[in-house]
Amino acid sequence: MTASTTTPASTTTPASTTSPEPTRRDFLYVATTAVGAVGAGFAAWPLIAQMNPDATTLAAASIEVDIGGIALGQVVTVKWRGKPVFVMHRTPEEIAAARATPLSELPDPVSDEERVQKPEWLVVIGICTHLGCVPLVHQGAFKGAFCPCHGSDYDTSGRIRVGPAPANLAVPPYKFATESKLVIG
Ligand code: FES
């Protein structure tokens, strides 16, 4: 409709287009990884949400989680007070690895026995204690959780082993209402 339709798009090219942007690339890599972690972590959330009594429970101080369907070796992430909580159904090998670790090797020394109520269930807040990213479960050298943001590595008890995080993944208040019902909060 105007002459501009046929005008070649020979506009100036920003210099930044041809210059390397390693900082931005690194940022995007980290951001993508972090989003992926959240997405994967919350994949099971809609299912869990349906098991809750009603929506008001989600905003309440505590939530109920049906753990009867969580397979051995599986981790399910649920949302409690706006935070991801990892519910890990630990295998005998994962329990043994956590309990065989000398406290002297831990930056934040707490025994596995103190961090769980039942050996087969680890319940921790899935927020890295460094700067708050959501770690990837079953990743890293210790196969507990690995935070890709700056490389904090947690073991199968959610304890920091390597990296900048200063503390173990936090354990929320919880109890087992029945064999298959976990109450967090
Ligand atoms: S936020 Fe996890 S290592 Fe920095």
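**Exercise 1. The cavity**

How many cavities of 30 Å³ or more does a search of the whole structure find? Determine also which residues line the largest cavity.

*Solution.* Keep in mind from the start that this is a predicted model. Step one is the count: searching the whole structure turns up one cavity of 30 Å³ or more. Step two is the volume, which for the largest cavity is about 40 Å³. Step three is the lining, where we find F86, M88, L122, V124, V137, G144, A145, D155, G158 and L169. Step four assigns the lining to elements, and here β3 and β4 each contribute at least two residues.

**Exercise 2. Strand β4 and its surroundings**

Work out whether the residues of strand β4 are buried or exposed, and find how this strand is joined to β3.

*Solution.* Begin with the extent of the strand: β4 covers residues 121-125, and five of its five residues are buried, so the strand is largely enclosed by the rest of the structure. Next, look at the directions of the side chains: W121, V123 and I125 point one way, whereas L122 and V124 point the other way, and residues on both sides are buried. Then turn to the partner strand, β3 (residues 83-89), which runs antiparallel to β4 and is joined to it by five bridges. As one example of this pairing, M88 stands opposite L122 of β4. Both M88 and L122 also belong to the lining of the largest cavity.

**Exercise 3. The largest nonpolar core**

Find how many residues the largest nonpolar core has, and which strand gives the largest share of them.

*Solution.* The largest nonpolar core has 32 residues, and those with the most contacts inside it are I67, V78, V87, L182 and I184. Tracing the core back to the strands, we see that β1 (63-66), β2 (75-80), β3, β4, β6 (145-147), β9 and β10 each supply at least two of its residues. The largest share is five residues, and it comes from β4. This fits with Exercise 2, in which five of the five residues of β4 were found to be buried.

**Exercise 4. Salt bridges around D112**

Identify the salt bridges that D112 makes with R90 and R99, and state where the partners lie.

*Solution.* As background, side chains of opposite charge can pair when their charged atoms come close. The count for this model comes to eight salt bridges. One of them brings together the side chains of D112 and R90, with an N to O distance of 2.8 Å. This pair links distant parts of the chain, since D112 is in helix α6 (residues 112-115) and R90 is in the loop between β3 and α5 (92-99), 22 residues apart. Both D112 and R90 are buried.

A second salt bridge joins R99 and D112, at 2.7 Å from N to O. Because R99 lies in helix α5 and D112 in helix α6, the pair ties together parts that are 13 residues apart in sequence. The burial of the two partners can be read from their relative accessibility: R99 counts as partly exposed at 32%, whereas D112 is buried, with a relative accessible area of 1%.

**Exercise 5. A salt bridge between two loops**

Decide which parts of the chain the salt bridge of K118 and E179 ties together, and whether each partner is buried or exposed.

*Solution.* The side chains of K118 and E179 meet at 3.2 Å, N to O. K118 lies in the loop between α6 and β4, and E179 in the loop between β9 (174-176) and β10 (181-184), so the pair ties together parts that are 61 residues apart in sequence. The cut-off for buried is under 20% relative accessible area. K118, at 19% relative accessibility, therefore counts as buried, while E179 is exposed, with a relative accessible area of 66%. To complete the survey, salt bridges that share partners join R90, R99, D112 and E113 into one network.

**Exercise 6. Positive phi values**

Where do R81 and K143 lie, and what are their phi values?

*Solution.* Most residues other than glycine have a negative phi. R81, found in the loop between β2 and β3, has a positive phi near 50 degrees. K143, found in the loop between β5 (136-137) and β6, has a positive phi of about 60 degrees.

Conventions. Residues are numbered from 1 along each chain as its sequence is written. This is a predicted model: local features need pLDDT of at least 70, side-chain atom pairs count only at pLDDT 80 or more; totals for chains, interfaces and linings use all residues. Side-chain values use heavy atoms; hydrogens and water are left out. Buried means under 20% relative accessible area, exposed over 50%, partly exposed in between (1.4 Å probe, protein chains only). Helices (H or I, at least four residues) and strands (E, at least two) are DSSP runs, numbered from the N terminus. Two strands pair if DSSP finds at least two bridges between them. A salt bridge is a side-chain nitrogen of Lys or Arg within 4 Å of a carboxyl oxygen of Asp or Glu. A nonpolar core is a set of buried Ala, Val, Leu, Ile, Met, Phe, Trp, Tyr and Cys residues joined through side-chain atoms within 4.5 Å. On a 1 Å grid over the protein atoms alone, a cavity is a set of points where a 1.4 Å probe fits but cannot get out, and a pocket is an open set with protein on both sides within 12 Å along at least five of seven lines; lining residues have an atom within 4 Å of a point. Grid points are joined across faces, edges and corners, and a volume is the space filled by probe spheres set on the points.
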